[in-house]
Amino acid sequence: MSHVAKYFLEANDLIKSMDLTVIEELAEALSELRKREGRLFILGVGGSAANASHAVNDFRKLCGIEAYAPTDNVSELTARTNDEGWQTVFAAWLRVSKASEKDAILVLSVGGGNLEKNVSPNIVEGLNEAKKRGLKIFGIVGRDGGYTKQVAHITVLIPTISPGHVTPHVEAFQCVVWHCLVSHPLLQINQTKW
């Protein structure tokens, strides 16, 4: 079997393995967030940071949800990294934004964060700050969900179908899930052009 055929067969198996009821639950929670005029802070690093930026656009434009990705402000991100360290960048951003119980964070991450393995410590610290401030915590993550799954109110877990393709599958399906959300009748208030 060719790589392409195998990859798409894995994607098909992944879709069949997903818990779709959790995505429906997340749509309802995001609808409630908009009703209470809360903000959505989307946290991600690497490819997930790029996904966070795209998702911010969609939630703002299509759903009318005030959304932000701290990684979009590269000047602040690099100044904080330089002066305070990478681990604190999301927690500090939430503090300056005066994030509160009205707001929520959405973590996009392949592993969900793990301090013991020094994987995405900035996400872990951001999650801890969100917990302290009473934010709702959501995640679209892979593997075992990491720290995000441990502390989140709602976690969409992207199943591992092929250990060698965890990152590409998780990052691709983050897009599939958030596009499902922003086109959900509970959330979408503006139509797409095409």
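Glu 129 and Lys 132 sit three residues apart in helix α6, so about one helical turn separates them. Their side chains form a salt bridge, with the closest N and O atoms 3.4 Å apart. Please keep in mind that this is a predicted model. Glu 129 also belongs to a wider network of salt bridges, which links Arg 95, Glu 129, Lys 132 and Arg 133. The points below start with that network and then visit a charged patch and two loop residues.

**The salt-bridge network around Glu 129**

- Within helix α6, Glu 129 has another partner in Arg 133, four residues away and about one turn of the helix apart.
- The side chains of Glu 129 and Arg 133 meet in a salt bridge with an N to O distance of 2.7 Å.
- A further salt bridge joins Glu 129 to Arg 95, at 3.1 Å from N to O.
- This pair links distant parts of the chain: Glu 129 lies in helix α6 (residues 121–133) and Arg 95 in helix α5 (residues 89–96), with their positions 34 residues apart in sequence.
- For the model as a whole, the count comes to eight salt bridges.

**How covered are the members of the network?**

- Is Glu 129 buried or exposed? Glu 129 has a relative accessible area of 6%, and because that is under 20%, this residue counts as buried.
- Lys 132 has a relative accessible area of 67%, which is over 50%, so this residue is exposed.
- Arg 95 is partly exposed, because its relative accessibility of 38% falls between the two cut-offs of 20% and 50%.
- Arg 133 is partly exposed too, with a relative accessible area of 25%.

**A negative surface patch**

- Which residues form the negative surface patch? The patch is made up of Asp 19, Glu 24, Glu 25 and Glu 28.
- One of these residues, Glu 28, is found in helix α2, which covers residues 20–35.
- Glu 28 has 43% relative accessibility, so this residue counts as partly exposed.

**Ser 162, in a loop before α8**

- Where does Ser 162 lie? Ser 162 is in the loop that runs between β5 (154–157) and α8 (166–182).
- Although Ser 162 sits in a loop, its relative accessibility is 9%, so this residue counts as buried.
- Setting aside neighbours within four places in sequence, Ser 162 is in contact with Lys 6 and Glu 10.

**His 153, in a loop before β5**

- His 153 belongs to the loop between α7 (146–151) and β5.
- With a relative accessible area of 44%, His 153 is partly exposed.
- Which residues does His 153 touch, not counting those up to four places away in sequence? They are Leu 135, Lys 136 and Ile 137.
- His 153 and Ala 50 are 103 residues apart along the chain, and their C-alpha atoms are separated by 24 Å.

Note on methods
Residues numbered from 1 in each chain as written. Predicted model: local features only at pLDDT ≥ 70, side-chain atom pairs only at ≥ 80, totals over all residues. Heavy atoms only, no water. Patch = residues over 30% accessible without salt bridge, like charges linked within 9 Å, V, L, I, M, F, W, Y side chains within 5 Å. Areas by Shrake-Rupley, 256 points an atom, 1.4 Å probe, with all protein chains shown as cover. Salt bridge = Lys/Arg side-chain N within 4 Å of Asp/Glu carboxyl O. Lys, Arg positive; Asp, Glu negative; His and termini not counted. Charge placed at Lys NZ, Arg CZ, Asp CG, Glu CD. Helix = DSSP H or I, 4+ residues; strand = E, 2+ residues; numbered from the N terminus. Buried < 20%, exposed > 50% of the residue type's maximum accessible area, 1.4 Å probe, protein only. Contact = heavy atoms within 4.5 Å.
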